[in-house]
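Here is a walk through one protein chain, from its overall layout to its packed interior. Keep the sequence and the structure side by side as you read.

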Amino acid sequence: MNIDKDDTAVVFIDPQNEVLSEKGLAWPLVHESLRENNTIENMERIFKAAKALGFEVFISPHHFYPADKGWKFNGPLETDEATSGMFARKGVLNLDGLEGSGADWLARFKPYIQDGKTIVVAPHRVWGPETNDLVLQLRKPGSAKSFLAECWRTCVSNLTCAN
């Protein structure tokens with residue numbers, strides 16, 4: 001495979017405290033896998049390499065808003081996330097309480113994400129970016145290929161995190 005920064009992007013799913021911080025609500029579910037696979041360190045290595053080599057970096061965050069509690073049907077994980085406040089924000093346009101919360105970026109990743117170059121797409125719900133605008137955002141700059149760096153779903157389903 002030809003890896004060219006002109007048509008290849010790096011995508012991170014959920015680089016947030018809820019999953020990656022010892023204070024996160026998901027930490028008890030995923031910490032063993034995160035440590036065993038050096039996930040956080042490997043994610044940072046990917047961030048550094050992508051930025052140094054000029055690759056576009058996209059972030060697909062996971063957020064729940066108060067209105068989402070009115071959903072009429074959910075799977076077990078969605079129900080747990082909604083009732084526990086996992087990935088909770090006060091509203092789409094409201095950043096009150098976001099800093100340092102479970103929905104916030106892991107602090108060590110903030111310099112990479114908040115550099116003015118990283119593209120943060122609309123937040124997804126449920127399992128992943130099939131429920132947001134990631135595909136559109138990847139197509140606009142011409143990214144034909146992407147490398148996905150995601151751990152939340154794979155850790156929860158007891159698969160090996162491939163970061």
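What percentage of the residues of the protein chain count as buried? The share is 48% of 163 residues. Keep in mind that this is a predicted model.

Start with the layout. The protein chain holds 7 helices and 4 strands. Read from the N terminus, the order is β-α-α-α-β-α-α-β-α-β-α. Take the contacts in the protein chain with a separation of 6 or more: 74% of them join residues 24 or more positions apart. The accessible surface comes to about 8,900 Å². Carbon and sulfur atoms make up 55% of that surface.

Now go inside. In soluble globular proteins, nonpolar side chains tend to be buried together. The largest nonpolar core here has 23 residues. Phe-12, Leu-20, Phe-47, Val-57, Ile-59 and Phe-109 touch the most other members. Several elements give two or more residues each: strand E1 (8–13), helix H1 (17–20), H2, helix H3 (39–53), strand E2 (56–60) and helix H5 (110–113). H3 gives the most, with 4 residues. Another core lies apart from this one. That second core has 7 residues, among them Val-11, Val-121, Leu-134 and Leu-138.

Ile-59 is a good place to look at contacts. Leaving out residues up to four places away in sequence, Ile-59 touches Phe-12, Pro-15, Phe-47, Trp-105, Ile-113, Thr-118, Ile-119, Val-120 and Val-121.

Next, the rings. A pair of aromatic rings is described by the distance of the centres and the angle of the planes. The whole structure contains 3 aromatic pairs. One of them joins Phe-12 and Phe-47. This pair is stacked, at 3.9 Å centre to centre with 15 degrees between the planes. Phe-12 sits in strand E1 and Phe-47 in helix H3, 35 residues apart. Are these two residues buried or exposed? Both Phe-12 and Phe-47 are buried.

Phe-47 has a second partner, Tyr-112. Their rings are also stacked, with 5.1 Å between centres and 10 degrees between planes. Phe-47 lies in helix H3 and Tyr-112 in helix H5, so this pair ties together parts 65 residues apart in sequence. Tyr-112, like Phe-47, is buried. Ring pairs link Phe-12, Phe-47, Phe-109 and Tyr-112 into a cluster.

Turn to helix H2, which spans residues 27–36. Which residues of H2 are buried? They are Trp-27, Val-30, His-31, Ser-33 and Leu-34. An α-helix has 3.6 residues a turn, so residues three or four places apart point the same way. With that in mind, trace the buried positions of H2 along the helix: 27, 30, 31, 33 and 34.

Finally, check the backbone. Asn-38 follows H2 and has a positive phi of about 50 degrees, although Asn-38 is not a glycine. Its place is in the loop between H2 and H3. Asn-38 is partly exposed, with a relative accessible area of 41%. Phe-87 also has a positive phi, near 60 degrees, and is likewise a residue other than glycine. Phe-87 is found in the loop between helix H4 (76–84) and H5. Is Phe-87 buried or exposed? Phe-87 counts as buried, at 0% relative accessibility.

How values were computed
Residues numbered from 1 in each chain as written. Predicted model: local features only at pLDDT ≥ 70, side-chain atom pairs only at ≥ 80, totals over all residues. Heavy atoms only, no water. Buried < 20%, exposed > 50% of the residue type's maximum accessible area, 1.4 Å probe, protein only. Core = buried A, V, L, I, M, F, W, Y, C linked by side-chain atoms within 4.5 Å. Contact = heavy atoms within 4.5 Å. Phe/Tyr/Trp six-rings, centres within 6.5 Å; stacked < 30°, edge-to-face > 60°. Areas by Shrake-Rupley, 256 points an atom, 1.4 Å probe, with all protein chains shown as cover.
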